[in-house]
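Work through the exercises below with the sequence and the structure open. Each task is followed by a solution in steps.

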Amino acid sequence: MITIGSTVLGYPRIGPKRELKRAVEQYWAGKIDESALREVARQLRESTWTELRDAGLDTIPGNTFSFYDQVLDTAELFGVIPQRFHDLGLSPLDTYFAAARGRGDAVALELTKWFDTNYHYLVPELGPDTAFRPAGDKPIAEFHEARELGITTRPVLLGPVTFLLLAKPTAAGFEPLALLDRLLDVYTELLTRLRAEGVDWVQLDEPAFAADRTPAELSALRRAYQVLGGLSGRPKVLVTGYYGDLGPALEVLATSPVDALAVDLVSAPDSQIAAIPALRDKTLVAGVVDGRNVWRTDLHAALAKAASLLGSAGHVAVSTSSTLLHVPYDLDAETGLDADVRARLAFARQKVREVVLLGQALRNGANGEFADEAARSRPTPRRDDHVRARVASLRPEHRVRAPYDERADAQRDRLKLPQLATTTIGSFPQTGDIRRARAELRAGALDQAGYDQRMRDEIDRVIALQTDIGLDVLVHGEPERNDMVQYFAEHLDGFASTEFGWVQSYGSRCVRPPIIHGDVSRPAPITVGWSAYAQSLTSKPVKGMLTGPVTILAWSFVRDDQPLADTAAQVALALRDEIRDLEAAGIRIVQVDEPALRELLPLRAQDQQSYLDWSVAAFRLATSGAAPATQIHTHLCYSEFGEVIDAIDGLDADVTTIEAARSKMEVLEDLRSAGFSRGVGPGVYDIHSPRVPSANEVAVLLVEAVRAVPGDRLWVNPDCGLKTRGYAEVEPALRNLVAATLRVRATLT
Ligand SMILES: Nc1nc2c(c(=O)[nH]1)N[C@@H](CNc1ccc(C(=O)N[C@@H](CCC(=O)N[C@@H](CCC(=O)N[C@@H](CCC(=O)O)C(=O)O)C(=O)O)C(=O)O)cc1)CN2
Ligand code: MET
Ligand SMILES: [Zn+2]
């Protein structure tokens with residue numbers, strides 16, 4: 001019998017030194033050709049497979065590589081890249097990239113959050129006329145490519161039901177799930193072909209079932225795996241449902257004719273496994289090594305967890321709780337980490353070793369290597385008694401500001417802003433010059449004073465440009481920030497930053513999530529010097545710019561020895577002090593960004609209220625020390641916010657700027673029905689696209705917005721920061737934004 005043994009459910013693919021990011025961006029820039037790009041990709045796959053084999057895993061996932069995104073790969077595989085991209089007449093690879101990034105009038109597929117992670121996928125567009133066809137052979141080609149190296153892989157595919165649930169309908173009222181039978185036909189064809197090519201096992205990922213699902217969706221799952229499990233001449237099928245508890249889907253899958261199920265025992269330790277007799281015929285892949293965080297596994301506890309399944313399943317294998325896509329490659333690449341912090345960490349490569357040790361121990365009992373690794377010391381997190389005492393002494397009044405009306409009056413008198421005040425979200429383009437300056441500082445080719453001067457020069461330029469364009473509330477442009485979370489992490493105690501800990505966020509864009517390993521405090525002001533410098537250049541208000549506590553947690557690896565709420569309160573106190581210092585330096589408006597507020601929302605409704613309670617409380621703790629005359633803004637993006645609209649109201653920010661351009665201002669209706677009565681800035685410029693909106697387009701959106709929000713509470717701004725764009729687009733777009741505002745403002749009384 002072919003058993004799974006020890007395995008991982010997926011692996012990073014951007015390259016240990018971001019080789020794929022660099023190659024793809026060079027290809028887009030016309031600096032390398034397709035064959036050079038494909039060679040980089042091939043080498044990355046080869047080194048991944050060889051590394052996983054040499055580490056001693058029993059089975060190795062295949063098809064985990066992607067040039068951009070695995071959901072887009074699936075759409076391509078089944079021939080449903082929308083026609084507008086084929087009409088461009090490009091090569092298959094360029095058609096694929098056009099769908100990812102847009103080209104000319106062919107607007108890109110929508111990019112959206114992947115479950116509760118900081119990864120973003122491209123949303124397939126499906127309609128009643130969608131016809132699937134087996135259009136690609138990526139999983140098959142990569143299977144052969146590995147086999148030629150003597151390595152047998154288990155191709156990983158996105159499961160059919162999750163694929164449909166992630167898609168968006170092209171016609172109102174259409175449910176992509178109605179396409180299930182058509183889609184199962186092409187999956188049937190693919191599985192049959194994979195078997196014929198020699199594939200023993202395939203993995204079908206159904207993470208959509210870690211969230212609440214309707215009875216209709218659960219029966220679609222049942223139907224899908226009755227059909228696929230019932231095929232003759234198919235590979236063995238492993239179905240995964242990671243990022244949480246499978247809930248009722250576990251029984252559905254257990255009673256379907258598939259061979260193996262992977263369960264996430266890290267996020268959902270109390271799963272109902274023992275109560276499901278049907279699992280006795282199946283292989284259970286026990287996800288006991290955390291695939292989403294960077295802490296070393298407690299090997300004894302993990303082994304006990306896996307062993308406890310032995311009576312419930314026909315066979316037990318050991319694995320990660322999810323794909324390893326969300327963790328960095330290799331702890332050994334880091335040379336600057338504190339030894340006590342390092343001793344608590346495991347990145348992808350170290351997690352593979354943990355899985356191997358656990359697999360061996362489950363089969364043959366713990367060996368010496370297992371015992372050594374399990375016994376290796378695990379230093380306790382750094383304690384800061386001052387911070388702990390401060391958090392313990394918090395009272396409800398530390399989370400309440402003066403009533404909004406009172407604040408609004410004080411702010412109106414102090415700021416004297418026009419109706420439809422114009423502003424931007426904070427960052428201006430991160431040019432090659434800015435990044436090079438930072439790289440030179442790191443390399444020692446530029447000293448701190450020289451670096452600071454380059455940043456001040458950039459702030460001079462950005463303030464002058466905004467003044468010339470005629471914006472009302474200015475920003476300093478955030479040139480000094482490598483990333484809106486990492487930058488704060490580098491200036492707070494209790495955080496560690498990595499040098500090479502890159503994790504894919506979308507396409508070629510990566511982040512280095514910081515690690516919150518101990519109690520958090522602020523040794524010195526962080527942003528005050530930059531904001532005060534920018535304010536010294538202009539009489540218009542310059543917004544102070546901070547990242548909020550929820551987003552800092554969401555985009556970091558967070559200690560798991562205390563509730564997130566406690567860590568959030570510590571971060572919030574540091575921000576509260578920063579706001580006080582900004583006020584003292586003459587800053588009149590402070591924006592506290594919370595783009596990840598929606599992202600961290602738990603997948604299951606039963607867990608959501610307690611999350612919303614602590615996250616809103618953390619934001620209020622951060623901001624409520626501000627004087628009534630200080631205007632607090634917040635900014636939200638990258639999600640549909642309808643579901644959390646009450647929480648947004650609960651933030652009690654004076655002004656909320658929110659992504660809206662692509663959804664044609666739908667959020668205004670959500671805000672209105674929630675009785676939201678403070679300032680709002682629905683984005684009128686889609687910064688995710690290189691397209692420059694015309695003044696007319698912006699005016700149309702504004703005319704709609706003034707119907708919903710009175711002019712003195714309506715703000716005009718782009719959807720998000722401008723850091724990923726170039727000046728060639730940003731400058732005309734902002735000029736059009738201001739022109740449109742002046743036009744619409746003139747129509748107001
Ligand atoms: N953490 C986080 N998550 C987020 C967002 C975000 O802004 N931050 N935004 C949303 C969308 N996600 C995004 C994620 C990444 C980027 C992004 O632009 N990332 C940059 C890296 C940003 C960075 O860390 N820059 C560093 C390092 C830059 C770099 O690559 N330097 C070169 C050298 C510089 C040169 O010579 O050009 C090198 O190290 O080789 C810096 O500026 O210092 C990239 O992948 O290109 C944008 C959006 C949601 N999630
Ligand atoms: C992803 S939200 C970004 C907010 C930040 N202030 C910026 O403008 O870049
Ligand atoms: Zn944003």
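**Exercise 1.** In this predicted model, find the strand that holds His635 and decide whether His635 is buried or exposed.

*Solution.*
Step 1. His635 belongs to strand β20, which covers residues 631–636.
Step 2. Count the C-beta neighbours of His635 inside 10 Å: there are 27. A residue is buried if 20 or more other C-beta atoms lie within 10 Å of its own, so His635 counts as buried.
Step 3. List its contacts, leaving aside neighbours within four places in sequence: Ile425, Gln591, Asp593, Pro595 and Thr657.

**Exercise 2.** Which residues does UniProt list under "binding site", and how are they placed in space?

*Solution.*
Step 1. The UniProt record, an unreviewed entry, gives His635, Cys637, Glu659 and Cys720.
Step 2. In sequence they span 86 residues, yet no two of their C-alpha atoms are more than 8.3 Å apart, so they gather at one spot.
Step 3. Look at Glu659 as one of them. Glu659 sits in the loop between β21 (655–658) and α25 (666–673). Glu659 has 24 C-beta neighbours inside 10 Å and therefore counts as buried.
Step 4. Not counting residues up to four places away in sequence, Glu659 touches Leu636, Cys637, Tyr638, Gly683, Asp719 and Cys720. Two of these contacts, Cys637 and Cys720, are also in the UniProt list.

**Exercise 3.** Describe the shells around ligand 2 and ligand 1 by residue class.

*Solution.*
Step 1. Around ligand 2 are Ile425, Gly426, Ser427, Met484, Met545, Asp593, Pro595, His635, Cys637, Cys720, Gly721 and Lys723.
Step 2. Sorted by class, the shell of ligand 2 has six nonpolar, four polar and two charged residues.
Step 3. Ligand 1 is surrounded by 19 residues, and the closest are Arg435, Ala439, Asn482, Ser505 and Val511. Two or more residues of this shell come from each of α17 (432–443), β14 (503–506) and β15 (509–511). The most come from α17, with five residues.
Step 4. The shell of ligand 1 has eight nonpolar, six polar and five charged residues.

**Exercise 4.** Find how helix α1 and helix α2 are oriented to each other, and which residues make their contact.

*Solution.*
Step 1. Two packed helices are described by the angle between their axes and the distance between the axes.
Step 2. The axes of α1 (residues 19–28) and α2 (residues 34–55) come within 9 Å and cross at roughly 170 degrees.
Step 3. Angles over 145 degrees count as roughly antiparallel; α1 and α2 are therefore roughly antiparallel.
Step 4. The contact uses Glu19, Leu20, Ala23, Val24 and Tyr27 from α1, and Leu37, Val40, Ala41 and Leu44 from α2. By class, this contact has eight nonpolar, no polar and one charged residues.

**Exercise 5.** Where do Arg18 and Asn63 lie, and what is the phi of each?

*Solution.*
Step 1. Arg18 lies in the segment before α1. Although Arg18 is not a glycine, its phi is positive, about 55 degrees.
Step 2. Asn63 lies in the loop between β1 (60–62) and α3 (70–77). Asn63 is not a glycine either, and its phi is positive at about 60 degrees.
Step 3. Arg18 has 17 C-beta neighbours inside 10 Å and so counts as partly exposed. Asn63 has 26 other C-beta atoms within 10 Å and is therefore buried.

Terms used. Residues are numbered from 1 along each chain as its sequence is written. Chains are lettered from A and ligands numbered from 1 in the order in which they are written. This is a predicted model: local features need pLDDT of at least 70, side-chain atom pairs count only at pLDDT 80 or more; totals for chains, interfaces and linings use all residues. A residue is near a molecule or strand if its C-beta atom, placed from the backbone, lies within 6 Å of it. Ala, Val, Leu, Ile, Met, Phe, Trp, Tyr, Cys and Pro count as nonpolar, Asp, Glu, Lys and Arg as charged, and the others, Gly among them, as polar. Axes are lines fitted to C-alpha atoms, for helices over the stretch in contact, and angles run from 0 to 180 degrees between N-to-C directions. Helices (H or I, at least four residues) and strands (E, at least two) are DSSP runs, numbered from the N terminus. Angles under 35 degrees count as roughly parallel, over 145 as roughly antiparallel, 65 to 115 as roughly perpendicular and the rest as oblique. Two residues are in contact if their C-beta atoms, placed from the backbone, lie within 7 Å. A residue is buried if 20 or more other C-beta atoms lie within 10 Å of its own, exposed if 12 or fewer, and partly exposed in between; C-beta atoms are placed from the backbone. UniProt positions are given in the numbering used here, feature names are shortened, and annotations may be inferred rather than shown by experiment.
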